[in-house]
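This briefing is for a reader new to the structure. It covers the model, its ligand and the residues around that ligand.

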Amino acid sequence: MTNVQNILTKYWGYTSFKPMQEEIIASVLDGKDTVALLPTGGGKSLCFQVPALAMEGICIVISPLVALMGDQINTLKERGIKALKLTGGISFDELNTLLDNALYGNYKFLYLSPERLQQEIVQNYIKQMNVNLIAVDEAHCISQWGNDFRPAYKNITLLRDIHPLVPIIALTATATPEVLEDTISELRMELPTVFKNSFVRENLSYQVFKEDDKLYRTEQLLKNNSGSAIVYVRNRKSTIEISDQLNSLGISATFYHGGISTKEKAQKLESWRNERVSTMVATNAFGMGIDHPNVRFVIHLQIPESLESYFQEAGRAGRDGEYASAVLLYNEYDKMNVKQQFVESLPTTSDLKKIYRTLNNYFQIPYGEGEFTKHNFSFSEFCKTYSLNTLLAYNALNSLDRLGIIQLSQEFGRKSTVQFLISSEQVLSYFEKDITVSVIGKTILRIYGGIFEMPTAINLDLIASKTGQSIETIISVLKKLEHDHVVEMMLQITDATLTFLVPREDEKTINVISRDVEALNRKKTAQVNSVLHYIENNKTCRSLQLVSYFGETTASKCGICSVCKTPSSNLSSKEMKHLAKQILALLEGDDLSSREISEKLTFAETNVLKAIHLLMDAEKIKINPKNQYYLN
Ligand code: ADP
Ligand code: MG
């Protein structure tokens, strides 16, 4: 292990390991499949980076997000470690060069998205590499029971086939036992050693408040904030609105959601990280892997859909170990809303049957066919054609995607933008080279006035109908223009592409998955209920509630959450008597600890403790060696 210690100091300048890191690294070096289950900020990256540096060869890292890879590669490079990444949007030539480098250039880390693994050329190169470790970051993405399910994560098992002897390390902060179990089996890990650190965050104060004027409360919280903050909202529009409102209140803010360009995302992230902008108002697209130490507040203005995602999002506060607050603001309407959005609109098996049949009719797929056919798909048009409830249809399509019946690419409803980069004379002479390019190019110039000045949203359908060319042709022309630096574009096929993964068999197709559908629905419902329970339970320490949800039963009260800090109201002697009676009634059933008693009652914990003392003094109850109270 001295070697490992040297690596830590030499490359990172750290003097000691964080909890569990050393054990995890030792397990990897022993060649064992290993699971590192550490909370956000627990230092998971080092758990594969250090052992990979200690061994000959290259470590393959699977990571779900481009931004995440970029960050990690940059930090590695800063430390003089050779690392490269394969993300989307690189040309075949570039891909070849990068893979050549990875193979012959003494690189230590190759980061790639799970989608990249699907490409044969990537697999062929990896076959030839001297791989020392396979690291799967955010490994829970492979489980369809988790919140971040990414079907492409299933490709990872390919690596197991290519290099059967290389150990896998799975890294995640998602601790629910069933997701963990599923992750391990989906990754085909062999008797992995699981390392789990406590999920207690001692410096983080969890607070929940019922609040009708959430903006005012947010302003109060943030106006004296000297560090950074994240405000989570549910939809893209709210990110913009709230960030505008905060700015007008003198709190510097910007917004972030899945629909803005990669470039803009990077800029926004950068200005927030540099603390030029203090507050990021975001959807849950802002998340995984955000490593900014000085976040003092994470504020939720809407109720999250599960405690798993809440814990992760809240956990982005206080990564430097200093005091920080995770505040959830809600009102009665939000409670209703979260149920409507996440529970009542869950598609049943019969909803799925209907949508699936409609979808097949829409694309005119004959019975028994359709497998692996790919179609351009406009979600809004689909809903309009059949007058479907969009929320239900959306959820149904997502379920079909999750359950492997169809595959949807891209997010719904984004727009492509184009901007011309060279002068109009240059453009026209460029067009002379190719008649198709000319027709399409000129049409675009005619329809869109300001396209030389700024990125302009274009409508591919409109261009197609004006030129009589297919969407594919238009896209390939645009790609050529981009390649020749005539335009800069952000291409988002207006909605999505949809691939059927199984042949059409209507009822039968869905019957096969009906058990999974129901299980998924039950799971979603339970998750939302857990969140509502968390919000409503204002007598048990917030931190305790959260970590016990993740299976941790030994933690003690945090002392800093909104429950622990609420001063107990002084009960009148009548109320005290009433409370004492309830305790006696409880103890008739069973011997209970003070915590168990408190959990079963609606009174503040301090009052419960007071009542217990009174009952002890009056010798109505006694305590046994297991710290349980019983009737005397
Ligand atoms: P996770 O992936 O678990 O959320 P990261 O790997 O991003 O966490 O690490 C979080 C932060 O902790 C990073 O800034 C990292 O450099 C730092 N860190 C990791 N290990 C150590 C250590 N042994 N000593 C000090 N800082 C560490
Ligand atoms: Mg990480």
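A residue counts as near a molecule if one of its heavy atoms lies within 4 Å of it. By that rule 15 residues surround ligand 1, and Tyr-14, Ser-16, Gly-41, Lys-44 and Ser-45 come nearest. This is a predicted model, in which local features need pLDDT of at least 70, side-chain atom pairs count only at pLDDT 80 or more, and totals for chains, interfaces and linings use all residues. Residues are numbered from 1 along each chain as its sequence is written, chains are lettered from A and ligands numbered from 1 in the order in which they are written, and side-chain values use heavy atoms, leaving out hydrogens and water.

**Confidence**
- The mean pLDDT of the protein is 88, and 96% of the residues score at least 70; pLDDT is the predictor's confidence in each residue, from 0 to 100.

**Shell around ligand 1**
- The shell holds 4 nonpolar, 7 polar and 4 charged residues; Asp, Glu, Lys and Arg count as charged, Ala, Val, Leu, Ile, Met, Phe, Trp, Tyr, Cys and Pro as nonpolar, and the others, Gly among them, as polar.
- Helix H3 (residues 44-54) supplies the largest share of this shell, 3 residues; helices are DSSP runs (H or I) of at least four residues, numbered from the N terminus.

**Polar contacts of ligand 1** (pairs of N or O atoms within 3.5 Å)
- An oxygen atom of ligand 1 lies 2.8 Å from an N or O atom in the Lys-44 side chain.
- For the side chain of Arg-319, the distance from an N or O atom to a ligand 1 oxygen is 3.3 Å.
- A polar backbone atom of Gly-42 is 3.3 Å from an oxygen atom of ligand 1.

Note on methods: A polar contact is a pair of N or O atoms within 3.5 Å; within protein, one must be able to donate a hydrogen and the other to accept it, and residues adjacent in sequence count only if both atoms are side-chain atoms. Helices (H or I, at least four residues) and strands (E, at least two) are DSSP runs, numbered from the N terminus.
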